[in-house]
Amino acid sequence: MAEIINMPRLSDTMEEGVVAKWLKQKGDKVEEGDILAEIETDKATMEFESFHEGTLLHIGVEEGETAPVDTLLAIIGEEGEDYENLLNGSNDSSSPSSGNENDHKEEDTSQNEKGESIDDQAENSSGSEALPEGVEIITMPRLSDTMEEGTVTAWLKGEGDEVEEGDILAEIETDKATMEFESFYSGTLLKIGIQEGETAKVDSLLAIIGPAGTDVSGINSVPSKEPKKEESSKEEVSSDTSNQDVTSDSSSSSPDTSGSNKRIFASPLAKKMAEDRGIDLASVIGSGENGRIVKKDIENYKEEAKTSSSASAQAKPLSEKTAETGSAASYIMPVGEEGFDEVKNSQMRKTIAKRLGESKFTAPHYYLTIEIDMANAMASRKQINEMPEVKVSFNDMVIKASAMALRKHPKVNTQWRDDVTVIARHIHMGVAVAVDDGLVVPVLKFADQMSMTQIGGHVKDLAGKARNKKLQPNEMEGSTFTVSNLGMFGITEFTSIINQPNSAILSIGTIVEKPVVRNGEIVVGNTMKVTLACDHRTVDGATGAQFLQTFKTYMENPVTMLA
């Protein structure tokens with residue numbers, strides 16, 4: 001009889017897995033204990049073996065695909081056996097709802113059609129109400145690329161005030177800053193649609209400007225723009241037809257006068273720069289909102305003008321060319337192409353993001369830092385390593401000192417639960433190891449009972465497995481305290497996020513040569529800073545400080561760890 005193989009849970013925190021490689025293919029014979037596939041979990045890539053014998057009839061998750069735990073991974077059975085009923089059985093649960101979904105879709109469709117007809121009627125009714133002549137609608141502007149709504153912090157013009165093009169109408173608070181908003185129109189401020197302190201969506205009615213005395217009491221929203229566009233296009237066509245003869249006659253005497261009667265939108269700074277440089281704003285293309293000319297448009301126009309007149313510039317004296325080049329160089333703007341690359345997040349990276357995020361946002365972290373004199377530790381390590389076939393690192397000494405300090409301060413070796421605080425009687429040290437995909441924390445169990453040489457051997461073995469993705473789940477579970485060391489990268493001090501359910505993590509910095517005071521004299525010494533991150537729910541400040549004092553005593557007197 002065919003057997004369904006589901007995506008296994010290969011670690012205690014695994015929620016989904018990626019099939020890195022199939023070692024058996026559809027139609028292959030499978031024996032009990034054969035390796036079916038390599039599966040990437042949230043912690044490592046592991047081999048998954050078969051518990052059944054037969055023929056691999058079906059592969060449910062292809063190489064490179066991701067599937068939740070307990071999803072159909074494969075089917076094993078007798079060669080030629082019909083397994084379609086198993087596939088159908090896995091999908092039956094969703095079939096009864098399909099009819100209902102179709103019914104809902106039909107209802108939603110009919111409701112959408114009704115809704116669309118209502119919207120169309122609303123648009124037609126709003127579009128039929130033409131704005132009074134000369135009246136302009138001012139909407140809430142989009143003042144940043146991520147702005148969705150704005151708050152009017154202050155109106156600098158009141159209803160009835162005269163407004164000139166370029167005047168500051170209001171100060172608007174966006175999602176990034178409070179900015180001045182200037183008018184693109186001249187006239188009288190007839191209506192304020194959003195009062196000071198109020199918030200409104202982008203493109204909501206902000207204000208109305210037009211001729212003094214115009215009645216705009218009936219305008220409470222932004223009218224539809226489509227009918228207005230059609231009317232304006234008709235007017236343009238008729239005006240173009242009536243003025244065709246005039247424009248053809250004047251074209252011989254004037255190269256371009258099409259923009260002479262056009263309203264030009266420009267910031268005050270852009271206007272001032274254009275005036276100083278003798279630039280006709282009508283010949284500048286604006287890159288701001290609604291074609292508004294801003295500072296960079298004037299600067300870029302200067303460069304374009306300089307490029308187009310390069311032929312005539314060649315005839316000028318060298319001194320004039322040098323002067324022009326120097327003045328233009330100050331306005332050269334860097335130009336480049338923005339781009340991003342997307343990299344698919346691995347299961348390990350997703351788990352790191354989830355677990356460290358949960359730790360940082362649920363556990364109230366606080367940090368304690370202490371500086372340790374490493375003179376005796378360096379001398380002791382040198383003497384130990386002179387022994388044959390013995391190699392001890394500073395990290396081994398740190399792990400040993402931490403484990404012994406935990407034995408004296410068991411409240412640091414704890415876990416928080418809603419109803420109780422769990423104090424571990426055993427000491428399992430987690431050691432953070434960097435790998436290509438992120439970070440793993442193999443566990444040294446009963447580390448307080450190991451010698452420094454034993455600790456060094458175990459750490460080396462576990463770190464090698466971690467980098468080769470050969471760690472087993474039981475080698476990464478059960479830590480009660482964690483050590484993270486970045487000293488080999490020259491980092492003097494740093495803070496870490498607690499590896500829950502631990503209550504603390506110790507961050508180790510590099511050894512620094514610096515002046516120190518010893519016996520009342522300033523001498524050259526070597527010190528190391530360590531920082532303890534604690535969960536304030538379980539470890540009080542005094543408890544953390546006492547732990548660090550004990551840890552410092554062991555590190556500054558390594559012989560005491562051998563007693």
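**Exercise 1. Work out how the residues lining the second largest pocket divide into nonpolar, polar and charged, and which elements supply them.**

Begin with the classes, in which Ala, Val, Leu, Ile, Met, Phe, Trp, Tyr, Cys and Pro count as nonpolar, Asp, Glu, Lys and Arg as charged, and the others, Gly among them, as polar. On this scheme the lining holds 16 nonpolar, 9 polar and 4 charged residues. The model is predicted, with local features needing pLDDT of at least 70 and side-chain atom pairs counting only at pLDDT 80 or more, whereas totals for chains, interfaces and linings use all residues. Residues are numbered from 1 along each chain as its sequence is written, and side-chain values use heavy atoms, with hydrogens and water left out.

Next, recall what a pocket is: on a 1 Å grid over the protein atoms alone, an open set of points where a 1.4 Å probe fits, with protein on both sides within 12 Å along at least five of seven lines, its lining residues having an atom within 4 Å of a point. The second largest pocket encloses about 700 Å³ of space, and of its 29 lining residues, Asn395, Val459, Arg467, Asn485 and Met488 are the closest to the centre.

Finally, turn to the elements, where helices (H or I, at least four residues) and strands (E, at least two) are DSSP runs numbered from the N terminus. At least two lining residues come from each of H11, strand E21 (433–435), helix H12 (452–467), strand E24 (481–485) and strand E25 (504–518), and H12 gives the most, with 6 residues.

**Exercise 2. Describe the largest nonpolar core and the surroundings of leucine 444.**

A nonpolar core is a set of buried Ala, Val, Leu, Ile, Met, Phe, Trp, Tyr and Cys residues joined through side-chain atoms within 4.5 Å, where buried means under 20% relative accessible area, exposed over 50%, and partly exposed in between (1.4 Å probe, protein chains only). The largest such core has 52 residues, and those with the most contacts inside it include Met429, Leu444 and Phe481. Helix H11 (residues 394–408) contributes the largest share of this core, 8 residues.

Taking contact to mean heavy atoms within 4.5 Å, and leaving aside neighbours within four places in sequence, one finds leucine 444 in contact with residues including Ile399, Met429, Met450 and Leu462.

**Exercise 3. Trace the open sheet that contains E1, and say why one side of E1 and of E3 is left without a neighbour.**

Two strands pair if DSSP finds at least two bridges between them. The open sheet consists of 4 strands in the order E1-E8-E6-E3, with antiparallel pairing. Strand E1 (3–6) and strand E3 (29–30) stand at the edges with a single partner strand each, so one side of each has no neighbour in the sheet. Between E1 and strand E8 (residues 72–77) there are 4 bridges, and isoleucine 76 in E8 is the bridge partner of glutamate 3.

**Exercise 4. Decide whether threonine 538 and serine 217 are buried or exposed, and locate each residue.**

Threonine 538 lies in the loop between strand E26 (521–535) and helix H13 (541–556), and it counts as buried because its relative accessibility is 13%. Not counting residues up to four places away in sequence, threonine 538 touches Lys411, Thr414, Gln415, Trp416, Thr421 and Ser503.

Serine 217 belongs to the loop between strand E16 (205–210) and helix H3 (226–242), and it counts as exposed because its relative accessibility is 54%.

Conventions. Points joined across faces, edges and corners; volume = space filled by probe spheres on them.
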